[in-house]
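Here is a short briefing to read alongside the structure. Have the viewer open, and follow the topics in whatever order suits you.

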Amino acid sequence: MSRIYEALQRADLERRAAQELGVEQPGEPVSGPDLEEPLAAKPFVVLENIAQHPWRPKIASLPTLADRGAGVEQFRSLRSRIYQARYEAPLKTILISSGMPSEGKTFVTANLAMNLARNSMNNILLIDGDLRRPTLHNLLGAPNAPGLSEYLAGTADLNSIMQRDGVSKTAGTAPAASASNLTLIPAGNCGDNSSELVANRRIEDLVATLSAHFDWILIDSPPVLAVTDAVDLARAADAVLLVVRGGRTPFDVAQRTQASFSNSRVLGFVLNDVKDPPRTGSYYYYNYYGGPEASAGSKDRKESRAKA
Ligand SMILES: Nc1ncnc2c1ncn2[C@@H]1O[C@H](COP(=O)(O)OP(=O)(O)OP(=O)(O)O)[C@@H](O)[C@H]1O
Ligand SMILES: [Mg+2]
């Protein structure tokens, strides 16, 4: 990160703080003949300028859009576990991952983000880090490009890849205002070089830049046992939240998945889509496996939960 860029960031933060206090700031944040790079190339973030698109969320895949119900309750429970984890160590950026395809990573990411957004004034950022098979935008009914791929490839600037919900036009959907504090960076179109894009460390700079502007950053990812992108993405995150699917994820897959993130802080597992749940509903958060709240419970009990 160049000193000029850091100066721009600092000046922007100071300008924003001054604006909030009602103090007038003369002129632009930073100017002068000694700029090293063209201003357009700087990731100079202005949340108010984020493009608005009329999202058309898929209600069936977003139970948290309802006012009440099992989905709302279970994601509220997951949310409160996430809040608790923040007391244990700083936590803002969470990578959501799993070992295999279709375990519910995108489902959990989108619903957790929506739940966080709808129940606080926090600024929530959703990043689709699954550059190979992006689907996060589909759940929100949002355009997929330009997105992370274009940014990492250097063909789009940061402000152009962020979007928010504009006016929701779908009858029966929750009002757009319910997610006005939710920002999406879709995956974009990357072709077949996603590994190179996520490994080039620009993603870490991107998250570091955006951290100053958001309270929570959730990153969706591809299955870690299939491709290593998620491990690269995890370097940009404070922690990893893993998903296993009830009745589908074998215990050894869950074990190998956690082992893949041995260099990261693993918050725990979401046991998703349980058909015969021990409590009402289908989405559970268990820290039963290696997380900070893990007990020394028996392997049998752990197995039965992973296979529930
Ligand atoms: N708890 C659930 N209840 C109902 N449907 C679910 C649930 N979890 C996931 N699904 C559905 O299962 C399918 C796969 O989920 P999702 O796309 O979230 O998985 P994924 O882990 O992101 O897959 P991939 O690895 O391919 O990205 C989707 O159609 C999703 O809507
Ligand atoms: Mg997915």
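**Ligand site and backbone notes**

An oxygen atom of ligand 1 lies 2.8 Å from a polar backbone atom of Phe107. Please keep in mind that this is a predicted model. Ligand 1 sits in the largest pocket, and the points below begin there before turning to charge pairs and backbone geometry.

**Contacts of ligand 1**

- Besides Phe107, the backbone of Glu103 takes part: one of its N or O atoms is 3.1 Å from an oxygen atom of ligand 1.
- A side chain joins in as well, with an N or O atom of Arg245 found 2.9 Å from an oxygen atom of ligand 1.
- On its own, ligand 1 exposes 620 Å², and the protein buries 74% of that area.

**The shell around ligand 1**

- There are 15 residues around ligand 1, and those that come nearest are Ser102, Lys105, Thr106, Phe107 and Asn272.
- Sorted by character, the shell has 6 charged, 5 polar and 4 nonpolar residues.
- Which helix gives the largest share of the shell? Helix α3, spanning residues 105–118, does so with 3 residues.

**Salt bridges**

- As general background, side chains of opposite charge can pair when their charged atoms come close.
- The structure holds 9 salt bridges.
- One of them joins the side chains of Asp67 and Arg118, with an N to O distance of 3.8 Å.
- This pair links distant parts of the chain, as its two residues are 51 residues apart. Asp67 is in the loop between β1 (51–53) and α2 (70–88), while Arg118 belongs to helix α3, the helix that also provides the largest share of the shell around ligand 1.

**Backbone geometry to look at**

- For context, most residues other than glycine have a negative phi, and most peptide bonds are trans.
- Where is Ser102, one of the residues that come nearest to ligand 1? Ser102 lies in the loop between β2 (93–97) and α3.
- The phi of Ser102 is near 65°, which is a positive value in a residue other than glycine.
- The peptide bond from Ala145 to Pro146 is cis, and its omega is near -5°.
- Pro146 itself is found in the loop between α4 (136–140) and α5 (148–153).

Note on methods
Residues are numbered from 1 along each chain as its sequence is written. Chains are lettered from A and ligands numbered from 1 in the order in which they are written. This is a predicted model: local features need pLDDT of at least 70, side-chain atom pairs count only at pLDDT 80 or more; totals for chains, interfaces and linings use all residues. Side-chain values use heavy atoms; hydrogens and water are left out. A residue is near a molecule or strand if one of its heavy atoms lies within 4 Å of it. A polar contact is a pair of N or O atoms within 3.5 Å; within protein, one must be able to donate a hydrogen and the other to accept it, and residues adjacent in sequence count only if both atoms are side-chain atoms. Accessible areas come from the Shrake-Rupley method with a 1.4 Å probe; for residues, only the protein chains shown count as cover. On a 1 Å grid over the protein atoms alone, a cavity is a set of points where a 1.4 Å probe fits but cannot get out, and a pocket is an open set with protein on both sides within 12 Å along at least five of seven lines; lining residues have an atom within 4 Å of a point. A molecule sits in a cavity or pocket if more than half of its atoms lie within 2 Å of its grid points. Helices (H or I, at least four residues) and strands (E, at least two) are DSSP runs, numbered from the N terminus. Ala, Val, Leu, Ile, Met, Phe, Trp, Tyr, Cys and Pro count as nonpolar, Asp, Glu, Lys and Arg as charged, and the others, Gly among them, as polar. A salt bridge is a side-chain nitrogen of Lys or Arg within 4 Å of a carboxyl oxygen of Asp or Glu.
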